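Reader: I am new to reading protein models, and I would like to learn how to go from a picture to careful statements. Could you take me through one example, feature by feature?

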Amino acid sequence: GMTLVWSAPAGSHPGEPLYPVPETLLVSGLMNHVYKGFYAVLVPFSLPADARPGTRLPVAVEAQWLACTDEICVPERARLDAVIAVGTAGARDSRFDAWRARLPAPLGAQSHFARAGDTIRIGVPLPAALPLEAPHFFPAQDRVADYAAPQAFARKGNLLIVTLQRARTAPVDPPRLEGVLRLNHAGDGLTIAATPGAVPTGGIPLAETTPNPAAGTLPLLLLGALVGGLLLNVMP
């Protein structure tokens, strides 16, 4: 994933980046979670306690990311500089409303997961009437699942059952399984936080989803991170 090392004035603090729902890209058997076209990575930014409207705060970040075509991904890096101008109460940039709308929404219900041999099943409470189109689960933790393996989805009433293949090398059994569930090609998604528990088998299977080996022509897929990493929404 993209890494950001910040330099900011004393008393200010850039938070953890917030990403939109990604797409999948399979290159030489390796799975990458990528973004195509224009997008924004939102970074919450805490102001110093003594900041006042009109204050200008110089901010810099050393950024590293992967840029991909449909055949190869290469590492890139840059130093980015910006000046944050503190606004007045109520001032807002309408572009952030659209960017926030692309972030995965919290599920708002408890999910559970269970390990069975070389698979992990996740039970996600989801209304049976909610349409799904090419769903995919993006694990937040490394070495939990085999990223490139097909994922299976089944519905049992208002429960979506996601079956993942465990990682092939040094698999990890996390005490809590987190990630993002993509709902459709439009990029709608949910953040999932599952705890160990009972997950039923069976259900009505959805079409098996296999990672897209080349999601179109993807020149410099993550170039948007170069700008998006500094899209900071500052409110006093």
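Reader: Which residues of strand E11 lie on one side and which on the other, and are they buried or exposed?

Author: In a regular strand the side chains alternate between the two faces of the sheet. Here strand E11 (residues 136–139) has His136 and Phe138 on one side and Phe137 and Pro139 on the other, and all of them are buried, so that both faces are covered. Strands (E, at least two residues) are DSSP runs numbered from the N terminus, and buried means under 20% relative accessible area, exposed over 50% and partly exposed in between, with a 1.4 Å probe and protein chains only. Please keep in mind that this is a predicted model, in which local features need pLDDT of at least 70 and side-chain atom pairs count only at pLDDT 80 or more, while totals for chains, interfaces and linings use all residues. Residues are numbered from 1 along each chain as its sequence is written, and side-chain values use heavy atoms, with hydrogens and water left out.

Reader: How many bridges join E11 to strand E14, and which residue stands opposite Phe137?

Author: Two strands pair if DSSP finds at least two bridges between them. E11 and strand E14 (residues 177–182) run antiparallel and are joined by four bridges, with Leu181 of E14 standing opposite Phe137.

Reader: What else is Leu181 in contact with?

Author: Contact means heavy atoms within 4.5 Å. With neighbours within four places in sequence left aside, the contacts of Leu181 include Val124, Leu126, Phe153, Leu160 and Ile192, as well as Phe137.

Reader: Which residues have the most contacts inside the largest nonpolar core?

Author: A nonpolar core is a set of buried Ala, Val, Leu, Ile, Met, Phe, Trp, Tyr and Cys residues joined through side-chain atoms within 4.5 Å. The largest one here has 20 residues, and those with the most contacts inside it are Ile122, Val124, Leu126, Leu160, Val162 and Leu181. Two or more residues of this core come from each of strand E10 (119–125), strand E13 (159–165), E14 and strand E15 (189–196). Another core, of 19 residues, lies apart from it and has Tyr39, Ala63, Ala67 and Leu80 among its members.

Reader: Which strands stand at the edges of the open sheet E1-E6-E7, and why is one side of each left without a neighbour?

Author: The three strands of this sheet, in the order E1-E6-E7, pair in an antiparallel way. Strand E1 (3–7) and strand E7 (73–85) stand at the edges, and because each has a single partner strand, one side of each is left without a neighbour in the sheet. Five bridges join E1 to strand E6 (residues 56–68), and Leu4 stands opposite Ala63 in E6.

Reader: Why does Asn32 count as buried?

Author: The relative accessibility of Asn32 is 16%, and therefore this residue counts as buried. Asn32 has its place in strand E4 (residues 30–34), and, apart from neighbours within four places in sequence, it is in contact with Glu23, Thr24, Leu25, Val27, Leu66 and Cys73.

Reader: Where is Ala134 found, and what is notable about its phi?

Author: Ala134 is found in the loop between E10 and E11, and its phi is near 50 degrees, a positive value in a residue other than glycine. Ala134 counts as partly exposed because its relative accessibility is 27%. Arg143, in the loop between E11 and strand E12 (152–156), likewise has a positive phi, near 60 degrees.
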